[in-house]
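Please open the model in a viewer and keep the sequence panel beside it. The tour proceeds by selections, each followed by a description of what is found there.

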Amino acid sequence: MQHVVGLSQQIRSELARNSRSANFAAHPTVLSYNTVLNTWAKSLYPEASNHALSLLKQLEDGKGGVQPDVFTYTTVIDALAKSGTKKSAEKAEEILEKMEALYNETGDDKVGPNV
């Protein structure tokens, strides 16, 4: 498990570096970030949901060069659900409400809840 956690952290660092690169071919896509988030969500690492939330915040703040989509949000919700705490459940509900608000505001299916 430590290998997966370490690898995810390396990939996340590389994504951040590439998002600032002048080489547009190296820029990460939302799929790149979703893959890292999915790794966190599927890990048994106790801090996985915190890492997922941190990465989501970076994307929402425009620091990743891409906007989160429905898969980004639902993967973070999955990581929160697996952490099993009341605080995580509340945070997951906040994210779902944010998705609904974004969808209602923009009509963009890329951020609308799909369940």
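The stops below lead from the whole chain to individual helices and side chains.

**The whole chain**

Begin with the entire protein chain, shown as a cartoon; please note that this is a predicted model. The chain has five helices and zero strands, and from the N terminus on its elements run α-α-α-α-α. Colour the 115 residues by accessibility: buried residues make up 33% of them. If a surface is displayed, its accessible area comes to about 7,100 Å², and carbon and sulfur atoms hold 55% of that area. Among contacts with a separation of 6 or more, 57% join residues 24 or more positions apart.

**Helix 2**

Select residues 30-42, which form helix 2. These 13 residues reach 18 Å from the first C-alpha to the last, close to the 18 Å expected at 1.5 Å a residue. Show the side chains of Tyr 33, Asn 34, Val 36, Leu 37, Trp 40 and Ala 41, which are buried. They lie on the same side of helix 2, because they cover an arc of only 160 degrees around its axis. Next, turn to the face directed away from that buried side: the exposed residues Leu 31 and Lys 42 are found there.

**The aromatic pair**

How many aromatic pairs does the structure hold? There is one. Select Trp 40 and Tyr 45: their ring centres are 5.6 Å apart and their planes stand at 40 degrees, so the pair is tilted. The two partners may also be examined for accessibility. Trp 40, at 1% relative accessibility, counts as buried, whereas Tyr 45, at 22%, counts as partly exposed.

**Helix 3**

Move on to residues 48-60, helix 3. This helix has 13 residues and spans 18 Å from its first C-alpha to its last, close to the 18 Å expected at 1.5 Å a residue. Its buried residues are Ala 48, Ser 49, His 51, Ala 52, Leu 55, Leu 56 and Leu 59. Viewed down the axis of helix 3, these residues fall within an arc of 160 degrees, so they line one face of the helix.

Two residues of helix 3 merit separate selection. The former, Ser 49, lies in this helix and counts as buried at 6% relative accessibility. Leaving out residues up to four places away in sequence, Ser 49 touches Ala 79, Leu 80, Ser 83 and Ser 88. The latter, Glu 60, also belongs to helix 3 and is partly exposed, with a relative accessible area of 27%. Beyond its neighbours within four places in sequence, Glu 60 is in contact with Pro 68, Tyr 73 and Lys 98. After the helix, locate Gly 62, which has a positive phi near 80 degrees.

**Helix 4**

Now select residues 70-83, helix 4. Its 14 residues reach 20 Å from first C-alpha to last, close to the 20 Å expected at 1.5 Å a residue. Which residues of helix 4 are buried? They are Val 70, Thr 72, Tyr 73, Thr 75, Val 76, Ala 79 and Leu 80. Displaying the surroundings shows that the cover over these buried residues includes helix 2, helix 3 and helix 5.

Thr 74 is also in helix 4, but is partly exposed, with a relative accessible area of 26%. Apart from neighbours within four places in sequence, Thr 74 is in contact with Met 99 and Asn 114. A distance label from Thr 74 to Val 111, C-alpha to C-alpha, should give 9.8 Å, although the two are 37 residues apart in sequence.

**The nonpolar core**

Finish at the largest nonpolar core, which has 20 residues. Tyr 73, Val 76 and Ile 95 have the most contacts inside this core. Helix 2, helix 3, helix 4 and helix 5 (86-106) each supply at least two of its residues.

For the last selection, centre the view on Tyr 73. Not counting residues up to four places away in sequence, Tyr 73 touches Leu 56, Glu 60, Pro 68, Ile 95, Lys 98, Met 99, Leu 102 and Val 111. Two names from earlier stops return in this list: Leu 56, one of the buried residues of helix 3, and Glu 60, which is partly exposed.

Definitions and conventions
Residues numbered from 1 in each chain as written. Predicted model: local features only at pLDDT ≥ 70, side-chain atom pairs only at ≥ 80, totals over all residues. Heavy atoms only, no water. Helix = DSSP H or I, 4+ residues; strand = E, 2+ residues; numbered from the N terminus. Expected span 1.5 Å × (residues − 1). Buried < 20%, exposed > 50% of the residue type's maximum accessible area, 1.4 Å probe, protein only. Arc of directions from axis to C-beta. Phe/Tyr/Trp six-rings, centres within 6.5 Å; stacked < 30°, edge-to-face > 60°. Contact = heavy atoms within 4.5 Å. Areas by Shrake-Rupley, 256 points an atom, 1.4 Å probe, with all protein chains shown as cover. Core = buried A, V, L, I, M, F, W, Y, C linked by side-chain atoms within 4.5 Å.
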